[in-house]
Structures are given as C-alpha cells and as structure tokens.
Amino acid sequence: MVKIAKEKLPVLLQAWAAGAMVFVPQEREGTRVFLPWNGEGKLALGEENTLEPPKDLFFPRTETMYRYKVQGQDAEITEVPSFEDKMILVGVRSCDARSFALMDDVFLTKGYVDEFYRRRRENTRVVALACTEAAPTCFCTAFGIDPGRAEGVDVQMRPLDDGYLLEAVTEAGQELLNQAGSLLEEAGKASPPGAALPSLQVDVGGVTEKLQQMFEHPYWTEVSRKCLGCGACTYLCPTCHCFDIQSENLGNTGYKFRCWDSCMFSEYTRMAGGHNPRPSKKERLRNRFLHKLQYFPERYGKFACVGCGRCLDRCPVNVDITRVIREVKEVTL
Amino acid sequence: MAVEARVNPLVPMEGRIVKIIEETPDVKTFHVTTEKGKPFTPMPGQLAMLSLFEVGEAMFSITSQGPEHLEIAIKRVGMLTEALHEAEPGQTVGIRGPYGNGFPLDMFYGKDILFIAGGIGLAPVRSLINYCIEHREKFGHLWIIYGARSPADLCFKQDLFENWPRVENCRVDVTVDKGDEGWKGHEGFVPAFVEKLNPSPEGKVAVTCGPPIMIKFVLQSLEKLGFRDDQIVTTLEMRMKCGIGKCGRCNLGSRYVCLDGPVFTLAQLKEMPNEY
C-alpha cells in the first residue's frame, strides 16, 4: 500500500494533468464543484460531496451532435469531431461511482450504444475517495454501496490525517500510480479512519414489489401536492439521464444539440396536437419515483438511486425520497 | 467529415423528399429516398425519425415502402409537420431508423386479419396491409374497416376504393362520422360500425390504430365480440426524441415505446401503466 502526503497531492494532480484533463472537486463561490485542475484551485476533498454530481463530464448539460447548412431545398450535415481528450476524475465518492455504472446501463446497453457518451466514458479514469463522515442526507448503504470502497473505479483513495492512502484497483489505475513516481511513499502501518456510516437508515427491501401495485394509489396525489415542478431534483440527480434534442439556427447554418431535460416539466411528454400522457405533477412525480424504484430495477436489475441525498438536501419543499420509500412500504393497498 | 469507425445512431442520413401526395386537407404522404437509394428497409409497423434541420425532428410511422423509397404519411398538427406540409419535392430532410419492434408477424401467419383504423391511424396499419398483400399466400382473409371524420378526411383513397377491394380474399368497409351530399357509404363512428359488421373472432387477429379515444372504444367493441386480449394488437404513440431508449420520455412503465413498442398486444398493454 502506498500513500501520498497531503501537500504533495497537487503535485500529483499536476503530473496527471500533463496527459489528461484532471477534474477534481474544488471550492468555488462557497460550494464544491468538479473543475479542471490548473494548479491553482483550492481542493475540496473534505467531508462533503460536491453540490452537483460529476455526471456532466460524461453527459454534458448541452452537447453539439452535428452541424448543418441549409441552402434553399438543399441541406448538408457535418458530424462534430469525436471527443478524444483523456479525462481523470479524482475524488469521486462511492455513490457517484455507482451512478456511472447505472448511466452505462442506459447509454451503452439494450441494443444501441450512445456514441457521445461512450467516447467520454471510455477515455476516463476514475480515482475514488472514501468517505469518512456522512452528511445528514446520505443513505448510500441502503443500496448496498460501501462509502469506504467504490465500485468500478481505477484507484481508491482513503484519507489519512496527513495524506491519502492510494490503492490501484485496475491496471489503468496502476499506471496512474506509476506516474506518481517519487511522490508516493510506503504507507507502512498507516491505517485510514473507518468508513462513514450514514445515520439516515432506509430499508428498500420490497419497495419495488409494493410499487408495482401502487400505480393508481391516491398516495401520489398526496405526495405531489407540494411539488413545485422546479426540476432541481432531476438536475442534481447523478442517475437522471433524460435529454432533449433541439436545434440552434445561425443564418443558413446551425447545429443540433442535446441538453438535459426533466420529467418534472409538462413539455417533456406533451405531443404535437396537445395530448399529454402525464398532464399534471401527480403523474410526473409518480413517474420520477417509479422510474428510480420500480421501472429501472425492472429494466436493468438495479435501483436508479445511489443515496447521495442531493435531491432531498436541495428540494425547496422537502420532497424526500427516503420518506417516500418509508411511506410507500407503510401505505395500505 | 470525421471518419467514424462506428455509426452514431443519433446522427441522421441526408435524405430527399421525391414525391408528395395530398391525401386529405391535412394529411400528406412523403416519399423519401437517399443518394444511395432507400434509407433502410423497415418491417411493417416500424418507425423513422424525420427532420427538417432548422425546424425539428420527430418520430413517424412508415406507412409503406418501394424498392427505392420509404413512404411516410404525416398529419399537420405542429411546427415540424406544418413545415413539412409546406415543403416541395426536392426538399432535403434528415432521416434515421428503423426504430421499434414492428408488428409481430409470427402472430399473423396463417390467420385471418381484421384491420381497424381511424383517420391517420391507417398509416402504420397500411404498412402491414401492404405486407400481407405482397405475401398473400402467408395470410388468410383480410378485412379492413376504416373510418374518418368526413369523406374528405379519408386517407389513402386509392387503396381503399381501388387497390385493396381488388385483392383476392380481401374486404374493405369504410365509414365516415358525417357524410356529405356525394357520400353514399356508411355513416357513423368506427366502434359502432365494427359491432354492426360483427366479425367473428374465430381464427382471427385484430389490429387497431387511431385516435386514443377510438382505440379505447374499439378495444371495448372487440372484447364484446369475443376477441381475447392476445388476439388484439395496437400501436401507440408518445413524444420521442432519441428513438433508441435513452432520452427517457416515451416510457410506459419500464418499457420504452420507441424501442419495445410501438406495437403491443392488448394482453401486454393491460400489464402496463395506463398512461398513454
């Protein structure tokens, strides 16, 4: 086992940044954000996770798909150059690491591969950071996630008092550590603090089966009453993957792009001609919770929630998925 | 253009509208081809994403095909369809597909088929009717029951009144909600017309498509006539953006209409949330 001293971590990031874009949580405007490392930022690898999940590094908020040129009846399209940059994500928590696996299920399986996502994902290495303290809104363990050891990552970091333990999980991870050279030292008997244990305990056992019988239940009217339909939950959710496709015209040229969309918005399902299968917030909120807890498990065999707690932390009216899970299990059919 | 080792399913081919047929005051059929010929070869019931680059992109059912082109019948209902209706032959379009499952042909081989459609709902059903006619020996009796609001709103009139009635062992019955001076045919709504014609469920499979309200009542009529849930097939529509099960919006429960549909049996539909 090797470790790196706290003051040497920026040097390591700098070394990695020579061959890739390194994204690491940094302080900006009083919050923590995954930003490219330029050697000067203030690292934010403390107890709290980033305000926004790192999903936009694989699935940007807006992404150009192709360009077009229109001349009378004629038109021509040009594909955009494929994304070739290498990325290294440093400081990814176990919950967000799980979300990458869920996004992979959506974008890389079931018959079609999303090329935009694949290019970014395949060129990325992930260095995870173990959590030593849980926020009041954390509940990752409900989904079998270990806050001390992330799944599907290349390197696992664990904080020590004066540095970080580094463990290569994959060959690519070992290569990253090899680049560190003399920055690393033998960890000896250094033992990291234990992993955080969330205080928010949620039992998701049986919730899918219960929800399968609850589509018409009056509970959805009740729970959606206070929802403002603002979409903050979907924006902050590391597993929400819905997108819209739009075009931007600039004279006789233009480009087609995709951008994040939200199932909380009425336009989302409204068809030309006006028919909307999910006309009110009751249907929309129901769809969001059923997608996380019933539809995704039915389709991919996993919950589409990682217990990061961002939605319940930031919802302006305290719609709380952990409470929904508890209440769903209690309501009478 | 970047050299692509893989095909990006979200980037369309450049296609061209080569022919436009005015079916009704608000429905036109567009024949679309590409420089390399037919964009792709869909199975009956499959879908295509059609776009005018500077306006938008939407999913349409493919109503028929020739050796060199696809036929897409489009009703004028929104921004993109309005722009398409203003287009002239020669217009460049984006096209990608084919998408969706199409009709489960195995279910139809050797059976008598009852087609029930209303308005533009005949478009997807027509792809199957034409397939059955092309492979006539594989299917039993074909019975087409079709209705529209008025005689002027009947789509595919040449098929309805000339081509299909001439097909061997094929029957066509047409109704309109309300006739005009020249109309000598049946007047009334499709579901009541179906009940009046009283087709026997024996050895049959029923295929229905039309406005949601028509589908709802046709399903009731078919059940009344003794059709079982696994003898009835319908095709759904939802708002779609990607067409490949990623963008999220066309889900019915855990299924995506673009990928797992648009064709479902009534038995499947009854297991899914009633949210379409």
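**View 1. The overall size of chain A in this predicted model.** Chain A has 333 residues, and a compact globule of that length would have a radius of gyration near 20 Å; the value for chain A is 22 Å, which agrees. Along its principal axes, the C-alpha trace spans about 65 × 60 × 40 Å.

**View 2. The fold and interior of chain A.** If you trace the backbone, you will pass 10 helices and 12 strands. Of the 333 residues in chain A, 56% count as buried. Among contacts with a separation of 6 or more, 71% join residues 24 or more positions apart.

**View 3. The surface and charges of chain A.** The accessible surface comes to about 14400 Å², with 49% of it belonging to carbon and sulfur atoms. Chain A carries 42 positive and 45 negative charges, and the mean positions of these two sets are 4 Å apart.

**View 4. A close look at A:Cys131.** A disulfide is a covalent bond between the sulfur atoms of two cysteines. The structure holds 0 disulfides over all chains. For A:Cys131, the closest cysteine sulfur belongs to A:Cys95 and lies 6.3 Å away, so the pair is too far apart for a bond; the cut-off is 2.5 Å. A:Cys131 counts as buried because its relative accessibility is 16%, and the limit for that label is under 20%.

**View 5. A close look at B:Cys155.** Over in chain B, the sulfur of B:Cys155 has its closest cysteine sulfur in B:Cys209, at 11 Å, which is too far for a bond. B:Cys155 is buried, with a relative accessible area of 1%.

Notes: Residues numbered from 1 in each chain as written. Chains lettered and ligands numbered in written order. Predicted model: local features only at pLDDT ≥ 70, side-chain atom pairs only at ≥ 80, totals over all residues. Heavy atoms only, no water. Helix = DSSP H or I, 4+ residues; strand = E, 2+ residues; numbered from the N terminus. Rg over C-alpha atoms; globule rule 2.2 N^0.38 Å. Buried < 20%, exposed > 50% of the residue type's maximum accessible area, 1.4 Å probe, protein only. Contact = heavy atoms within 4.5 Å. Areas by Shrake-Rupley, 256 points an atom, 1.4 Å probe, with all protein chains shown as cover. Lys, Arg positive; Asp, Glu negative; His and termini not counted. Charge placed at Lys NZ, Arg CZ, Asp CG, Glu CD.
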